[in-house]
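Hi there,

Here is the structure I promised to pass on. Have a look at it first, and my notes follow underneath.

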Amino acid sequence: PPGAANYAVNTSGGRKAAMWADTSLVPAGLVLNLLIFPVYSLTLGVGCARDRSLRTGVMMASSPVDAISVIGGRMAANALVVVLFSAVAMALVSVALAARETALPNAFSIAAYFLIVVPAGLCALPVAALLDRCFAQQESAKAAAIITVWSTLMICSLLAWPDAFGFDFLRQNAPHGTASDFSVGLVGAAEMSRIPWTVVQLTTTFTAARVELMAVAIFTCVLACLAARWGWIEAMTRAVAGPSASAAAAVLRAAHIARVRPSSVGVVPAAWIVGRQWFK
């Protein structure tokens, strides 16, 4: 928010942080983490619910592709979505800051932004994969599990490790005299005094911690892929329960599905098919 706004997204020591272009990008990344983590967890699954609703499970089960290849490929695509969405959000915030402050964020603040946002997004991918694999169309159960994980990670970020959302950066860059007394989120600040925050310092300890968290998230994604592959064929070929369907939906056994080998498609035609479907 601009300096004259009656709300704040970052306060230190009970005072509103008056930020410059470099420092404004950091709280933007923190707020984005808090808002987008549940969305990632709910939407970036491995396609179990989607394949069952579109009835493409039998086609997937009849192809010679291995389950771990499909799940791993979808997980890698989700990671690419996280990185691209983070970059687009950073570009939009930078344009807004340039229009208001007549200055762009420097390289250190941009690096801090990506170190804050990308690991948090990667932490959501194994949660999304396991929930999509285990709960499929049970949206209420998925939402309850996501809220539980989200709340737990927020408490851990404030109190101890793992710092999934990057709050440790605010601890290390808090304005002088405020220590770790900070808050992140939309709060009313009409009568709140201001404290200047104009410098961003990217410390080696913070960088090492974020790289470590990213490695742990990637390793957890691999474990989630291995866990989601068990019974994947049966889950893909299970009929979707409708209003008049019984709870015990019929399952097509993998042994009874005729195995077919589709013709190979090159990279360019495949990209054209997928892109045309996306932009439709």
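Let me start with one residue: Asn78, at 9% relative accessibility, counts as buried because the cut-off for that class is under 20%. Please keep in mind throughout that this is a predicted model. Asn78 sits in helix H4. Leaving out residues up to four places away in sequence, Asn78 touches Leu44, Gly45 and Leu125.

Helix H4 holds another buried residue of this kind. Ser94 is found in helix H4 as well, and its relative accessibility is 8%, so Ser94 counts as buried. With residues up to four places away in sequence again left out, the contacts of Ser94 are Leu25, Leu104 and Pro105.

**The overall picture**

The protein has ten helices and four strands. Read from the N terminus, the order of the elements is β-β-α-α-α-α-α-α-α-β-β-α-α-α. Of its 280 residues, 39% count as buried. Take the contacts between residues at least 6 apart in sequence: 80% of these join residues at least 24 apart.

A few pairs illustrate such long separations along the chain. Tyr7 belongs to strand S1, which covers residues 7-12. In space, the C-alpha atoms of Tyr7 and Val187 are 5.5 Å apart, although their positions lie 180 residues apart in sequence. Tyr7 has 35% relative accessibility and therefore counts as partly exposed.

Helix H1 gives two further examples. Pro38 is found in helix H1, and its C-alpha atom is separated by 9.8 Å from that of Val127, 89 residues apart along the chain. Thr43 lies in helix H1 too; the C-alpha atoms of Thr43 and Asp132 are 8.7 Å apart, with a separation of 89 residues along the chain. Are these two H1 residues buried or exposed? Pro38 has 18% relative accessibility, so it counts as buried, while Thr43 is at 54% and so counts as exposed. Setting aside neighbours within four places in sequence, Pro38 is in contact with Ile146 and Trp150.

**The nonpolar core**

Which residues touch the most other members of the largest nonpolar core? Among its 52 residues, they are Val26, Met75 and Phe165. Strand S2 (15-19), H1, H4, helix H5 (107-135), helix H7 (167-172) and H8 each supply at least two residues of this core. H5 makes the largest contribution, with twelve residues. As general background, nonpolar side chains tend to be buried together in soluble globular proteins.

Phe165 is worth clicking on. Not counting residues up to four places away in sequence, Phe165 touches Leu30, Asn33, Leu34, Phe37, Ile116, Ala120, Trp150, Leu153, Met154, Ser157 and Arg210. Trp150 thus appears among the contacts of Phe165 and also among those of Pro38.

**Helix H8**

Arg210, one of the contacts of Phe165, is also one of the buried residues in H8. The others listed as buried there are Phe206, Leu213, Ala217, Cys221, Ala224, Cys225 and Ala228. An α-helix has 3.6 residues a turn, so residues three or four places apart point the same way. Helix H8 itself takes in residues 204-228, 25 residues in total, and reaches 36 Å from its first C-alpha to its last, close to the 36 Å expected at 1.5 Å a residue.

**The pockets**

I expect you will want to look at the pockets too. The largest pocket has a volume of about 1000 Å³. Its lining is made of 32 residues, and those nearest its centre are Arg50, Asp51, Met60, Val70 and Arg74. Helices H1 (21-43), H2 (48-54), H3 (57-62), H4 (67-101) and H6 (139-159) each supply at least two residues of that lining, and the largest share, nine residues, comes from H4. By class, the lining has 16 nonpolar, nine polar and seven charged residues.

The second largest pocket has a volume of about 360 Å³. Val265, Ala270, Ile273, Val274, Gln277 and Trp278 line this pocket. Here the classes divide into five nonpolar, one polar and no charged.

Happy exploring, and best wishes!

Key:
Residues are numbered from 1 along each chain as its sequence is written. This is a predicted model: local features need pLDDT of at least 70, side-chain atom pairs count only at pLDDT 80 or more; totals for chains, interfaces and linings use all residues. Side-chain values use heavy atoms; hydrogens and water are left out. On a 1 Å grid over the protein atoms alone, a cavity is a set of points where a 1.4 Å probe fits but cannot get out, and a pocket is an open set with protein on both sides within 12 Å along at least five of seven lines; lining residues have an atom within 4 Å of a point. Grid points are joined across faces, edges and corners, and a volume is the space filled by probe spheres set on the points. Ala, Val, Leu, Ile, Met, Phe, Trp, Tyr, Cys and Pro count as nonpolar, Asp, Glu, Lys and Arg as charged, and the others, Gly among them, as polar. The expected span of a helix is 1.5 Å times one less than its number of residues. Buried means under 20% relative accessible area, exposed over 50%, partly exposed in between (1.4 Å probe, protein chains only). A nonpolar core is a set of buried Ala, Val, Leu, Ile, Met, Phe, Trp, Tyr and Cys residues joined through side-chain atoms within 4.5 Å. Contact means heavy atoms within 4.5 Å.
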